[in-house]
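Here is a short tour for a newcomer. Take a look at the chain first, then read on.

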Amino acid sequence: MKHHKSFTLIELLVVIAIIAILAAILLPALNSARERGRSASCINNMKQLALKAQMYSDNNDNSWLLWRQGPKGDYTYWFPKSQYFAGPYLGYTSNEDGCYKPGNITDCPSNIAEVDTGYFGNRSTWWDYGLASVVTNRTTPSSVRQHSKWILMFEGKAKSASEKFIAMGSESGTTYSIAHYLNRIVHNQGTNLSFLDGHVEWMSGKSQSEYDIIESHYWDENKER
């Protein structure tokens, strides 16, 4: 009779250990590759948003898309609902219940939408890109000389664990303020940034020095335009 040799327990454990080691080696690379794909999708979103912002400017007397307008307490925000002035440029209609729709150009695939239960009232208004409001509130396209240098839109995050992203840069005019809203490590320890000339680039933000480089592209009245 022929006897079929079986694996011993030690041999099985060795095989399992080898598989675990290979998985530990390969999974980070696979995750990184997947995130690069998501980042590419995000870059495409931001390029489309920059184009929409340019369309808004062309149709509104050489003005940037503002993050909000109107008297205090009765603001109109730039979120892409039809009654907000960004809505028509993003294809939103009057029957839109909220601003967030998975898969559209306001949705970064690396972020997870949250339903707002506070300021805007129990609906998923939050979306993933912020407007550099210091630039758009204080300048016009024709008043800026270096359009390729200054940030127009960036990837946002909540100001704190208890707050949600509010789709803007700070009005304060200080470059430090962007730190509250910028998600600087959303894509492989970096973030996508849209500039006034419409181009989009990924920049590393994992260290303070790298964040300082990002911050240098955020508007400051004391810097040359």
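Helices (H or I, at least four residues) and strands (E, at least two) are DSSP runs, numbered from the N terminus. M46 has its place in one of these runs, helix α1. The model shown here is predicted.

## Overall layout

The chain has 4 helices and 6 strands. Read from the N terminus, the order of elements is α-β-β-α-β-α-β-β-β-α. The chain counts 225 residues, and 41% of them are buried. Take the contacts between residues at least 6 apart in sequence: 61% of these join residues at least 24 apart.

## The nonpolar core

The largest nonpolar core holds 37 residues. Those touching the most other members are I151, L152, M153, F154, L182, L193 and L196. Several elements give two or more residues to this core. The helices are α1 (9-59), α2 (87-90), α3 (133-138) and α4 (208-215). The strands are β3 (129-131), β4 (151-155), β5 (190-195) and β6 (200-204). Which element gives the largest share? That is α1, with 6 residues.

L196 shows what such a core member touches. Neighbours within four places in sequence are left aside here. L196 is then in contact with W64, V135, V144, H147, W150, I151 and L152. Of these partners, I151 and L152 are themselves among the core residues that touch the most other members.

## Three residues along α1

Helix α1 also contains S41, N45 and M46. The table sets out how accessible each one is.

| Residue | Relative accessible area | Class |
|---|---|---|
| S41 | 34% | partly exposed |
| N45 | 6% | buried |
| M46 | 0% | buried |

M46 counts as buried because its relative accessible area, 0%, is under 20%. Beyond residues up to four places away in sequence, M46 touches Y129, M153, F154, E155, N192, L193, S194 and V200. M153, F154 and L193 also appear among the core residues with the most contacts to other members. M46 and E201 lie 155 residues apart along the chain, yet their C-alpha atoms are separated by 9.7 Å.

N45 is buried too, because 6% is under the 20% cut-off. Its side chain makes a polar contact with the side chain of Y129, at 3.2 Å. With neighbours within four places in sequence left aside, N45 is in contact with N104, I105, D107, C108, P109 and Y129. Y129 is thus a partner of N45, and Y129 is touched by M46 as well.

S41 is partly exposed, because 34% falls between the 20% and 50% limits. In sequence, S41 and D107 are 66 residues apart. In space, the C-alpha to C-alpha distance is 9.6 Å. D107 is also one of the residues in contact with N45.

## One side of α4

Which residues of α4 are buried? They are Y211, I214 and E215. These residues cover an arc of only 100 degrees around the axis, so they sit on the same side of α4. The general rule helps here. An α-helix has 3.6 residues a turn, so residues three or four places apart point the same way. The cover over the buried residues of α4 includes β4, β5 and β6. Those strands, like α4, each give two or more residues to the largest nonpolar core.

## A cavity

How many cavities of 30 Å³ or more are there? The count comes to 1. About 50 Å³ of space lies in the largest cavity. Its lining has 10 residues, and the closest to its centre are K52, A53, L65, A86 and L90. Two elements, α1 and α2, give two or more residues to the lining. The most comes from α1, with 4 residues.

## Two positive phi angles

Most residues other than glycine have a negative phi, and most peptide bonds are trans. Two loop residues depart from the first of these habits. D61 is not a glycine, but its phi is positive, about 55 degrees. D61 lies in the loop between α1 and β1 (68-69). At 74% relative accessibility, D61 counts as exposed.

N188 has a positive phi near 50 degrees, again in a residue other than glycine. N188 is found in the loop between β4 and β5. At 34% relative accessibility, N188 counts as partly exposed.

Methods. Residues are numbered from 1 along each chain as its sequence is written. This is a predicted model: local features need pLDDT of at least 70, side-chain atom pairs count only at pLDDT 80 or more; totals for chains, interfaces and linings use all residues. Side-chain values use heavy atoms; hydrogens and water are left out. A nonpolar core is a set of buried Ala, Val, Leu, Ile, Met, Phe, Trp, Tyr and Cys residues joined through side-chain atoms within 4.5 Å. Buried means under 20% relative accessible area, exposed over 50%, partly exposed in between (1.4 Å probe, protein chains only). Contact means heavy atoms within 4.5 Å. The arc is that of the directions from the helix axis to the C-beta atoms. A polar contact is a pair of N or O atoms within 3.5 Å; within protein, one must be able to donate a hydrogen and the other to accept it, and residues adjacent in sequence count only if both atoms are side-chain atoms. On a 1 Å grid over the protein atoms alone, a cavity is a set of points where a 1.4 Å probe fits but cannot get out, and a pocket is an open set with protein on both sides within 12 Å along at least five of seven lines; lining residues have an atom within 4 Å of a point. Grid points are joined across faces, edges and corners, and a volume is the space filled by probe spheres set on the points.
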